[in-house]
Amino acid sequence: MRKVVHHSVDKDGFRAQPKGFATKAIHVGQDPEQWSCMAVVPPILMSSTYKQHAPDEHTGFKYSRLRNPTRDVLERCLASLDNAKFGLTFSTGLGAVTALITMLKSGDHIVAERDLYGGSCTAFTKIASKMNISVDFVDFTDLGKVEEIVKPNTKLFWVESPTNPLLKVVDIEAVCKIAHKLPEVVVVVDNTFLSPYFQRPLELGADIVMYSLSKYMNGHSDVIMGAAIMNDETLYQKLQFLQNATGIVPSPFDCYLLNRGLKTLALRMERHRTNALAVAKFLEGHPKVDRVLHPGLPSHPQHALSKKQTYGHSGMVAVFLKGGLDEASVFLQSLRVFTLAESLGGVESLAGSPSRMTFGSFAPEERAAMGIVDGLIRLSVGVEDIDDLLEDLQQALESV
Ligand SMILES: Cc1ncc(COP(=O)(O)O)c(C=O)c1O
C-alpha cells in the first residue's frame, strides 16, 4: 500500500516545491573527495578503458560502454532529482525509448498515449511492431477507454504528460492504478516537458520516468541525450544490461555538459514558468489568437489536475492563431527574439509549426485526428526578459 501524502500548495495553487531540489541538482554525485585531485567540478574522463591490478581485479570501471565515471556522476544526480534510487543515461531520448522497448518480448502489448511525441510513436509503430509487439493508442484522459484497451498481454503503459504539442495533462496516479491491476505492467512516463522540478511521476505511482535530456534538463540546446529513472532494482538491472548490450550510451563530454546544465535547472525552470504564464495570458487576450493552451491558465481543460499533480508548469505554450498556413508562416517569419526552430526547453525562446515541422511526416488526416491544425504554433518560452518576448510577439502578430 502506498502512503497517502498531503502536499501544501504554492501561491498559484500548485504543489509547493519541497526544500532541497536546487541543492541536490548542484551537489549529488559531485563530491570532490571522490577524485584524488579533489576537483570541485567533476572531470571529463574520456578513457575508454581502465587498468586492472590483476585479471578481473578492477576499480569497478572496466570499459566505458559499461560504466564511465563522468556518466556515473550524472546518473546519480539525475536519480536524486526524481527522489529515485537509480538513473541510467542513453545517447538520445529516443535511445532511451529503444532500450525500454527492448525490455519487451514478442507477443507483448503496449498501451500508449494517443498524443505522443512523434518519434516515440514511430518507434512503437515501425520498430516494436517488427518485433511482433503490438501497440494501441488511447486518450489517457478517458480512463474508461484505458480500462477497455488493456489486454492480458499488456506489459507496458507509455504516458506523456503534458503531451507534445497540445499540452494535454494526464492523471498519472489514476492511469497507474489501472495499469497495476495487471501483474508485470510497467508504467513509463515521458517527463520531458516538465522535468523533475515540476513533476515527479514516481511519486504518482509510475515505475520509470523517461527523459529527453536534450530539452529542459540540459537547457542550453547543445546536447542530445536521454534517461530512464526508477526505484525498482530488478528493472534497473534489466535496463542496465540493455544500456550496455544495445550500446546506446552517451559520451563523457556530453555527460559533463548535461551535469553542468542541471546545476541551474531550478533557476531556469522558475523563469520559464513566469515567462510562459505571462506569454500565455498576453496571447489569450489578443484579437488575432483563437485559443491558447497552457496548464497554468485557468482556461486549460486540466488546470485543476495540473495543480494537483505538478509543482508548476514549464515554458511550453500552444497557440491557435486565427487563420491557417499563411497566417502561421507570416507570424513565424516575423519573429525576431523567438527563433523559428524545432526542439524546446533551452534558455532561448523557440517557435514552430507542428503541422509542418515535428508532425510534418504524418498524413493530413492523421494530423487532423490529433488536432494538429495549420494555425497551431508551439512556443518554447525561454528565460529572456519578458518585455522583449511580449514586444516580439506583439509585432509578429501585427504583421499577420
Ligand atoms: C516529449 C519528447 N520525448 C522524447 C523525445 C526524443 O528525444 P531526443 O530528441 O533526445 O531523442 C522528444 C524530442 O523532441 C520529446 O519532445
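## Two domains

In this predicted model, the protein is split into domain 1, covering 21-261, and domain 2, covering 266-399. Taken over C-alpha atoms, the centres of domain 1 and domain 2 are 26 Å apart.

The two domains meet: 27 residues of domain 1 are in contact with 30 residues of domain 2. On the side of domain 1 that touches domain 2, α1 (21-27), α6 and α7 (195-198) each contribute at least two residues. By character, the residues on that side of domain 1 are 15 nonpolar, 7 polar and 5 charged.

## Strand β5 and its partners

A good place to begin a tour is strand β5, which spans residues 186-190. Here 5 of the 5 residues are buried, so the strand is largely enclosed by the rest of the structure. As background, side chains in a regular strand alternate between the two faces of the sheet. In β5 both faces are covered: V186, V188 and D190 are buried on one side, and V187 and V189 are buried on the other.

Which strands pair with β5? One partner is strand β4 (residues 154-160), which pairs with β5 in the parallel sense over 5 bridges. Within this pairing, L156 stands opposite V186 of β5. To get from β4 to β5, the chain passes through helix α6 (residues 172-179), and this β-α-β crossover is right-handed. Another partner is strand β6 (residues 208-212), which runs parallel to β5 and is joined to it by 3 bridges. In that pairing, D190 faces M210 of β6.

## The stretches on either side of α6

The loop between β4 and α6 holds several details worth a look. P162 is found in this loop, and the peptide bond joining S161 and P162 is cis, with omega about -5°. P165 lies in the loop between β4 and α6 too, and the bond from N164 to P165 is also cis, with omega near 5°. For context, most peptide bonds are trans, and most residues other than glycine have a negative phi.

L167 lies in the loop between β4 and α6 as well. Although L167 is not a glycine, its phi is positive, about 60°. On the other side of the helix, in the loop between α6 and β5, is E184. E184 also has a positive phi, near 70°, and is a residue other than glycine.

Are these two residues buried or exposed? L167 is buried, with 25 other C-beta atoms within 10 Å. E184, with 9 C-beta neighbours inside 10 Å, counts as exposed. The cut-offs behind these labels are 20 or more neighbours for buried and 12 or fewer for exposed.

## K215, an annotated lysine

Where does K215 lie? K215 is in the loop between β6 and β7 (226-230). An unreviewed UniProt entry lists K215 under "modified residue: N6-(pyridoxal phosphate)lysine".

K215 has 24 other C-beta atoms within 10 Å and is buried. Leaving out residues up to four places away in sequence, K215 touches T192, L344 and G345. The C-alpha atoms of K215 and G346 are 6.1 Å apart in space, with their positions 131 residues apart in sequence.

## An open sheet of five strands

Elsewhere in the model, 5 strands form an open sheet with mixed pairing. Their order is β8-β9-β12-β11-β10. At the edges stand β8 (289-293) and β10 (339-340), each with a single partner strand, so one side of each is left without a neighbour in the sheet.

The partner of β10 is strand β11 (residues 350-352), which runs parallel to β10 and is joined to it by 2 bridges. Across this pairing, L340 has A351 of β11 as its bridge partner.

## V97 in helix α3

One last stop is V97, a residue of helix α3 (residues 93-101). How many C-beta neighbours does V97 have inside 10 Å? There are 27, so V97 counts as buried.

Apart from residues up to four places away in sequence, V97 touches S120 and A123. V97 and F86 are 11 residues apart along the chain, and their C-alpha atoms are separated by 17 Å.

How values were computed
Residues numbered from 1 in each chain as written. Predicted model: local features only at pLDDT ≥ 70, side-chain atom pairs only at ≥ 80, totals over all residues. Helix = DSSP H or I, 4+ residues; strand = E, 2+ residues; numbered from the N terminus. Pairing = 2+ DSSP bridges. Right-handed = clockwise from strand over helix to strand, strands pointing away. Domains from an automatic or database assignment. Contact = placed C-beta atoms within 7 Å. Nonpolar A, V, L, I, M, F, W, Y, C, P; charged D, E, K, R; others polar. UniProt positions renumbered as here; feature names shortened; annotations may be inferred.
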